[in-house]
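Me: I am in my first year and would like a close look at a single part of this model, namely the charged pairs and what lies around them. Please take me through it slowly, in one connected answer.

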Amino acid sequence: MFSERVQSRDGQRLATIQGVLSAAETLFHRQGFKATTVRQIAAAAGVSIGTVMAAGDKDSLLVAVMDRHISQLHRERQLPDAGFLAMKAGTDAEGMIAALVEPLLQLFADDLPLAREYGAILLRGSSGSAVFGELAASLKAEFEQVFRLFGLRAAQARNAATAVHLSYLGILLAWAGGACDQHQALTQLRTVVATILNPGGP
């Protein structure tokens, strides 16, 4: 009985947090990150300001919103009818890795000002993000699969995946900051992959 009550409370708390995140996301998209207040999020979610703050400040809420979408993209790629086949939009390693990254870039392209706020928060380090934890591990594992498919040994593939992931983060932040467009970001990443696989050039 006690464990059931605990599980019930945990379920309610999780539902409340998800409601706060959904309200925050709607307002962030509708009126922008800076214009949105915690009071407005609380009103939209039907909870108190204290409940919103318990879920996180504005920076933390935006990170959680973006991480939630990135997590969903990773989960969809792991479905039995998708899995590794989702990568095979290309016939070379560059194309496969670009196919893995493109949905993530499109997520940011859908609301570039919000993506820039997200990037700025990550750079400040004010809020922890799963992008540097479990989501990083998922993406690097996918990169590693590609490099193994194209002949690299396990340790080499792991190192290559790490290098590409670091390049991806740098390119992503540069793109969010306006240093390049989405097409240029993908081109730069493809160049990194090609250089790793063929360091001597053509």
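**Salt bridges and their surroundings**

Reply: In this predicted model, a good place to begin is the side chains of R124 and D59, which meet in a salt bridge with 2.9 Å from N to O. Because R124 lies in helix α6 and D59 in helix α4, this pair ties together parts of the chain that are 65 residues apart in sequence. The two partners can be described by how much of each is accessible: R124 has a relative accessible area of 51% and is therefore exposed, the cut-off being over 50%, whereas D59, at 16% relative accessibility, counts as buried because buried means under 20%.

A search of the whole structure finds three salt bridges, and the other two can be read in the same careful way. E25 forms a salt bridge with R68, and the closest N and O atoms are 3.3 Å apart. Since E25 lies in helix α1 and R68 in helix α4, the pair ties together parts that are 43 residues apart in sequence. Here E25 counts as buried at 14% relative accessibility, while R68, at 24%, counts as partly exposed.

The remaining bridge joins K34 and E117, whose closest N and O atoms are 2.5 Å apart. K34 lies in the loop between α1 and α2 and E117 in helix α6, so this pair ties together parts that are 83 residues apart in sequence. K34 counts as exposed at 66% relative accessibility, but E117, with a relative accessible area of 18%, is buried.

From the charged pairs we can turn to a charge and a ring. The charged end of K58 sits over the ring of F33, at 4.6 Å from the centre of that ring. F33 itself counts as buried, with 9% relative accessibility.

F33 also takes part in another kind of contact, and the count of aromatic pairs comes to two. F28 and F33 form an aromatic pair that is tilted, with 5.1 Å from centre to centre and 55° between the planes. F28 counts as buried at 1% relative accessibility. The other pair, F108 and Y118, is stacked, with 5.8 Å from centre to centre and 25° between the planes. This pair links distant parts of the chain, since F108 is in helix α5 (residues 93–109) and Y118 is in helix α6 (residues 112–124), 10 residues apart. Both F108 and Y118 are buried.

These two rings lead into the nonpolar interior. The largest nonpolar core has 53 residues, and I41, I97, F108, Y118 and Y168 are the ones that touch the most other members. The elements that give two or more residues to this core are α1 (2–31), α2 (38–45), α4 (58–77), α5, α6, α7 (134–149), α8 (154–176) and α9 (182–197). Of these, α5 gives the most to the core, with 10 residues. To see what such a position is like, take I41: leaving out residues up to four places away in sequence, I41 touches V20, A23, A24, L27, F28, T36, V52 and L61. The list includes F28, the residue already met in the tilted pair with F33.

A further buried residue can be looked at beside these. H165 is found in helix α8, and its relative accessible area of 6% means that H165 is buried. Setting aside neighbours within four places in sequence, H165 is in contact with V131, A136, L139, K140 and F143.

It helps, finally, to set these local views against the whole chain. The secondary structure comes to nine helices and zero strands, and, read along the sequence, the chain follows the pattern α-α-α-α-α-α-α-α-α. Buried residues make up 39% of the 202 residues in the protein chain. Among the contacts with a separation of 6 or more, 68% are between residues 24 or more positions apart, and the salt bridge between K34 and E117, for its part, ties together parts 83 residues apart. The protein chain exposes about 10,800 Å², and carbon and sulfur atoms supply 56% of that area.

Technical notes. Residues are numbered from 1 along each chain as its sequence is written. This is a predicted model: local features need pLDDT of at least 70, side-chain atom pairs count only at pLDDT 80 or more; totals for chains, interfaces and linings use all residues. Side-chain values use heavy atoms; hydrogens and water are left out. Rings of Phe, Tyr and Trp (its six-membered ring) pair if their centres lie within 6.5 Å; planes under 30 degrees apart count as stacked, over 60 as edge-to-face and the rest as tilted. Buried means under 20% relative accessible area, exposed over 50%, partly exposed in between (1.4 Å probe, protein chains only). Helices (H or I, at least four residues) and strands (E, at least two) are DSSP runs, numbered from the N terminus. A charge sits over a ring if NZ of Lys or CZ of Arg is within 6 Å of the ring centre and within 35 degrees of the ring normal. A nonpolar core is a set of buried Ala, Val, Leu, Ile, Met, Phe, Trp, Tyr and Cys residues joined through side-chain atoms within 4.5 Å. Contact means heavy atoms within 4.5 Å. Accessible areas come from the Shrake-Rupley method with a 1.4 Å probe; for residues, only the protein chains shown count as cover. A salt bridge is a side-chain nitrogen of Lys or Arg within 4 Å of a carboxyl oxygen of Asp or Glu.
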